[in-house]
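Dear colleague,

I am passing on the structure we spoke about, with a short account of what was found in it. Please have it open while you read the notes below.

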Amino acid sequence: MKVDLRTPPSHPVSEMVEFARKCEEAGFYACGFNDSQLYFRDTYVVSSHVLAATDSLVVHPALTCPGPRHSSVIASAARTAQEAGPGRFEVWLGRGDAAASTIGRAPLTLRETRQAVSEIKRAMAGEWGIWGDSHVHLHHSEGPPPPVFLAGRGPKVLGIAGELCDGALLAISPDVASVAQASRWVADGAAKAGRDAADVELVLEVRTMIRETRRLAHRTHAPKLLPNLVRADAQEWLVARGIDYDLAPIAERLREGWAAMQRLAPSASHPYDWAAAEEIADAAIPPELQAAAGDTMAVLGDPDYVAQRYLELQALGVKRVYLYANLSFQWPEEERRAFGEVIGPALARAAG
């Protein structure tokens, strides 16, 4: 099973290159560099430097949104980055999260998503007249274009991935039923276009937090729980996950914690100081709820526990995983080290 590591480009480019080299040494298949222009270094600049400094590591943005970046800009940047590591660059697209919201834009509609995917693929293939002028095309479009992946969690977006893309990132729960359903949605899209579903590479996103103990992993993940536990339907959210826990006695603590979390810049989803976010969430959410709810959202634990969970995915036939470590402004160092020392070797032994 191939494993990619979410690697936010939150450090100087030279440091990103060195960390990527360590990821390659640890045995990761790829690094995914976030594309959020106000939070991180430019993903295509970082990717080009990393490709030039590594030998086998695959590199991709995670994720590029065709909202802030025009489709022609993405096509040109991707073709340029590809030159630094031929055959080792992929284009991963999303409908828009922080890259769009931080500049006041909404996520792409389904129609806009379909159009952007088509334009990017056609431009990278060297087609003429995509944007109306029949005398214009992407000049540097020689050779095979990089593959295009689309991230999604529902039938419509994953259907577009199956219909138009080379791959799909399944942003879903890593359980048998969810993976099977998402795979069918991709296959349905492929069938609609007369394509073989086997030609669409599937990557399963697995939110993962690795620490010395499961308790520490649950605590580190706790900031991700607060937004869900202060929702109007938070009690129903727990019930839907099979968790029997009365939130009423701690409702005020949760609200106060969420208010404090929102004061951490730049956002509650991307706090600069994750340690401060942990303290807030740990004070607001009892440990037993951190564990019960956290385990429904992510794979949280020590290296041996996480290795076992990844082995289960490999046994189910999952061929590629995107290891999504939550922290945005700190290195995913614990995950990198655990993969190199425990998880990667365990997967290799099991594969024979």
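Accessible areas here come from the Shrake-Rupley method with a 1.4 Å probe. On that basis the accessible surface of the protein, which is a predicted model, comes to about 15,200 Å², and 52% of that surface belongs to carbon and sulfur atoms. Of the 352 residues, 50% count as buried, where buried means under 20% relative accessible area.

As to the overall form, the secondary structure comes to 15 helices and nine strands, and the C-alpha trace spans about 65 × 45 × 40 Å along its principal axes. A compact globule with 352 residues would have a radius of gyration near 20 Å, and because the protein has 20 Å, its value agrees with that expectation. Among contacts between residues at least 6 apart in sequence, 76% join residues that are at least 24 apart. The protein carries 36 positive and 44 negative side chains, and the centres of these two sets lie 3 Å apart.

One element may be worth following in the viewer, namely helix α1, which runs over residues 13–26. Its 14 residues reach 20 Å from the first C-alpha to the last, close to the 20 Å expected at 1.5 Å a residue. The buried residues of α1 include Met 16, Val 17, Phe 19 and Cys 23, and Glu 24 is also one of them. The buried residues of this helix pack against the strands β1 (2–6) and β2 (30–33), and against the helices α2 (43–53) and α15 (333–351). Just after α1, Gly 27 takes a positive phi of about 105°.

With best regards

Conventions:
Residues are numbered from 1 along each chain as its sequence is written. This is a predicted model: local features need pLDDT of at least 70, side-chain atom pairs count only at pLDDT 80 or more; totals for chains, interfaces and linings use all residues. Side-chain values use heavy atoms; hydrogens and water are left out. Helices (H or I, at least four residues) and strands (E, at least two) are DSSP runs, numbered from the N terminus. The radius of gyration is taken over C-alpha atoms; the globule rule is 2.2 Å times the number of residues to the power 0.38. Buried means under 20% relative accessible area, exposed over 50%, partly exposed in between (1.4 Å probe, protein chains only). Contact means heavy atoms within 4.5 Å. Lys and Arg count as positive and Asp and Glu as negative; His and the chain ends are not counted. The place of a charge is taken as NZ of Lys, CZ of Arg, CG of Asp or CD of Glu. The expected span of a helix is 1.5 Å times one less than its number of residues.
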